[in-house]
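Please open the model in a viewer and keep the sequence panel beside it. The tour below proceeds by selection, one stop after another.

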Amino acid sequence: SSKGTWACPMACGEKAVPSKSPYICTKCGVSRTEGLRQHLQNAETRWQESEKKHYDQSPAGALDLSGQVELKTSYADQRQGDEVAVAELRGLINTRTAKESEEKNAGANLPPIRVIVAGGDGTVMWAISEIEAHKIDNQRVAIGVVPFGTGNDFSRALHWGGAAPKRLVGPDFRDMREHLKAWKDAPLRPYDVWRVSVQTKDKGQFKFVHNQKKTVASDGDRKQHNITKVDGNDNMTKYFINYYSFGFDPRVALGMEKKRTKSRTGNLIRYAWEGVKKQTCRAPPAVKEFLQSVQVHKGGSEKEVLFATDGSASTQPNGSPGEIMVLNCLTFAGGRNLWGWSNKKSATKQPLDANLKAAAQDFGDKRLEVLTYTRMGFGMDVALPVCQGRGGRLFHGPGNDEDKLQFEFKDYKTSNGEGRVYMEIDGEAFVCCHPQDVSIQLHKQINVLYNDGTPWFTPAC
C-alpha cells in the first residue's frame, strides 16, 4: 500500500505488515514469500475445483479446458534470490522428458511448457536468466507475459498490449479461463536474446543507485550483475531482450531511479521531469567526447568501421549525438517506435543507404538496430511523438551467430576524474567509469507466445 505495508495472504487477516526486511507477518509469523506461495496453491486448488464444476455443468460447445491445461502457479521474490519457482519448472520438464522417453517409440514429441511471467520487461529478463542459470533447455519452455510493468515493450512486441487486464481471474475463474485459452492457442515465435559485455580500463568501476545515491558496486551488485575481473579490470556480462544504450537516456533513467515511486504514473512523470533537468541543467557529455568508434567484427579478425568520431568523413557523426540506442524490441519507453520513425536520416555524414532505409525490425531475425540521437531529438521522440523521426540510422545486423557489434571508448575523464559514461540495459541504468569497450553478440533464441489476433489486454495510453 501507499503506507509501505502489505496484507498477509494467510487466514490471520493482518492488513498492516511492514514492507521491510525480513517481511514477516507479526501476527502469524509467516514470511511474505511463503504466504504468497500458499495463497497461490490455494488458488490452484480452487481452480481445479472450478474446472471440475465447469466440466460437469457446461453445455455442449462451452469453453472447456479440462485435459488441455494444467495450471501451475508459483511466486518468486527476486530480491531474496528465491529459486522455488524455477525448481518447480525444472520438475515439470523432467516429468515431461520421462514421458517423452516412454513414448519415444510412438513418435511422441511433447510441446514446450508455456510459462507466463507476470511483471514488466525486467521481470521477463530475470525469468529468462533464471531458466538459463538452472540449466533448463530454453527450447523446452515458451515465455508469455502479463504486463504489470511501466513500459511493457516486450508485451507490446508480442501483441499482448501495454497493460494488464482489468480482470485477470474473474468470478468462478471466468476471465482466467479465457486468458488460459489465449495462451494455450498462441503460436510460438523465436525471440533473440543478446549478450552484452562491458570491459573497463585501469581503475574502472561500476556504480548503481542505492538509497537515492550512486555508490560503487557492492558484493551484492557484483553478483547480481555478473561483474568479474578480466585481465585485472572489471567486466560486466549481461543479457538483454529489448535494448542497450548509453548517453542521455541512461542519465535521465538514473536520475529517475533515485526518486522511483511505487506508481507507474508517478514514475513516468518523474522520468519526464528528469529529462527536462538533464536537457537544461546537468546535461551529459556528447558522444564524441568519450566514444572512439563503432565496429562490426565479422567472424575472425575482419572488421568494418561504421562510425568513428575521429575517422574519415564517411564515418564521422552527423551532427553532435548525445545518445546511441541499440534496439532489439520493436518499441521503447511504452510504445515509441524509434526505428520505424527514424527512416529519413543517416547517423553519419554519408547519405542514408537505401537498404538501411528499407530495413524493418523483427525481434527474431538475429539482427539489432542502432540509432544515434541528439539530446533534444531523443527527448522529442519520446515525449512528443508528433515530432517523431529525429534519430539517425547507423546499422541493421549482423544477422548471424558469429559476428559482433563493438563500441571502443576514448581515454576520457569528467571533472571529478571518474570518466563516467551512463549506460542502460533493459531499463537498468548504471554508471561505467573508464570504459574500454562494449561488445554485443547474439546469445540464443527463445520461444515466445505471440498473439496473432487483436490485443486482448487493455493497451496503455
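Select Glu132 and Lys444 to begin: their side chains form a salt bridge, with the closest N and O atoms 2.8 Å apart. A salt bridge here is a side-chain nitrogen of Lys or Arg within 4 Å of a carboxyl oxygen of Asp or Glu. The pair links distant parts of the chain, since Glu132 belongs to helix H3 (residues 121–133) and Lys444 to strand S17 (residues 428–449), 312 residues apart. Helices (H or I, at least four residues) and strands (E, at least two) are DSSP runs, numbered from the N terminus. Glu132 is partly exposed at a relative accessible area of 26%, whereas Lys444 is buried at 14%. Buried means under 20% relative accessible area, exposed over 50%, and partly exposed in between, with a 1.4 Å probe and protein chains only.

The model is predicted: local features need pLDDT of at least 70 and side-chain atom pairs count only at pLDDT 80 or more, while totals for chains, interfaces and linings use all residues. Residues are numbered from 1 along each chain as its sequence is written, and side-chain values use heavy atoms, with hydrogens and water left out.

**Further salt bridges**

Stay on strand S17 and select Glu428 together with Lys238; this salt bridge has its closest N and O atoms 2.4 Å apart. Lys238 lies in strand S8 (residues 233–240) and Glu428 in strand S17, so the pair ties together parts that are 190 residues apart in sequence. Glu428 is partly exposed, with a relative accessible area of 33%, and Lys238 is buried, with 14%.

Next, display helix H5 (residues 174–185), where Asp185 and Lys181 lie 4 residues apart, about one turn of the helix. Their side chains meet in a salt bridge of 2.8 Å, N to O. Both ends are partly exposed: Asp185 has 40% relative accessibility and Lys181 a relative accessible area of 32%. Adding Lys184 to the selection completes a network of salt bridges linking Lys181, Lys184 and Asp185. The structure holds 11 salt bridges.

**Strand S8**

Return to strand S8 and select Asn233. Is Asn233 buried or exposed? At 16% relative accessibility, Asn233 counts as buried. Leaving aside neighbours within four places in sequence, Asn233 is in contact (heavy atoms within 4.5 Å) with Gln199, Thr200, Lys201, Asp202, Lys203 and Thr228.

**The nonpolar cores**

Now select Met423, in strand S16 (residues 420–425). Met423 is buried, with a relative accessible area of 0%. Which residues touch the most other members of the largest nonpolar core? Met423 is among them, along with Tyr244, Phe246, Leu291, Leu405, Phe407 and Ile440, in a core of 37 residues. A nonpolar core is a set of buried Ala, Val, Leu, Ile, Met, Phe, Trp, Tyr and Cys residues joined through side-chain atoms within 4.5 Å. Apart from the largest core lies another, of 33 residues, which includes Val115, Phe173, Val193 and Cys329.

Beyond four places in sequence, the contacts of Met423 include Val198, Tyr244, Phe246, Phe409, Glu428 and Val438. The C-alpha atoms of Met423 and Tyr244 are separated by 7.6 Å, although the two residues are 179 residues apart along the chain.

**Aromatic rings and charges**

Keep Tyr244 and Phe246 selected and add Phe290, Phe407, Phe409 and Tyr412; together these residues form one aromatic cluster. Rings of Phe, Tyr and Trp (its six-membered ring) pair if their centres lie within 6.5 Å; planes under 30 degrees apart count as stacked, over 60 as edge-to-face and the rest as tilted. The whole structure contains 16 aromatic pairs. One of them, Tyr191 with Phe363, is stacked, at 4.7 Å centre to centre and 20° between the planes. Tyr191 lies in strand S5 (residues 188–210) and Phe363 in the loop between helix H10 (354–358) and strand S13 (367–373), 172 residues apart. Both residues, Tyr191 and Phe363, are buried.

Two arginines follow. The charged end of Arg189 sits over the ring of Tyr450, 4.6 Å from its centre, and Arg393 lies over the face of Trp339, at 4.0 Å from the ring centre. A charge sits over a ring if NZ of Lys or CZ of Arg is within 6 Å of the ring centre and within 35 degrees of the ring normal.

**The whole chain**

Finally, zoom out to the protein chain, which has 11 helices and 17 strands. Buried residues make up 48% of its 461 residues.
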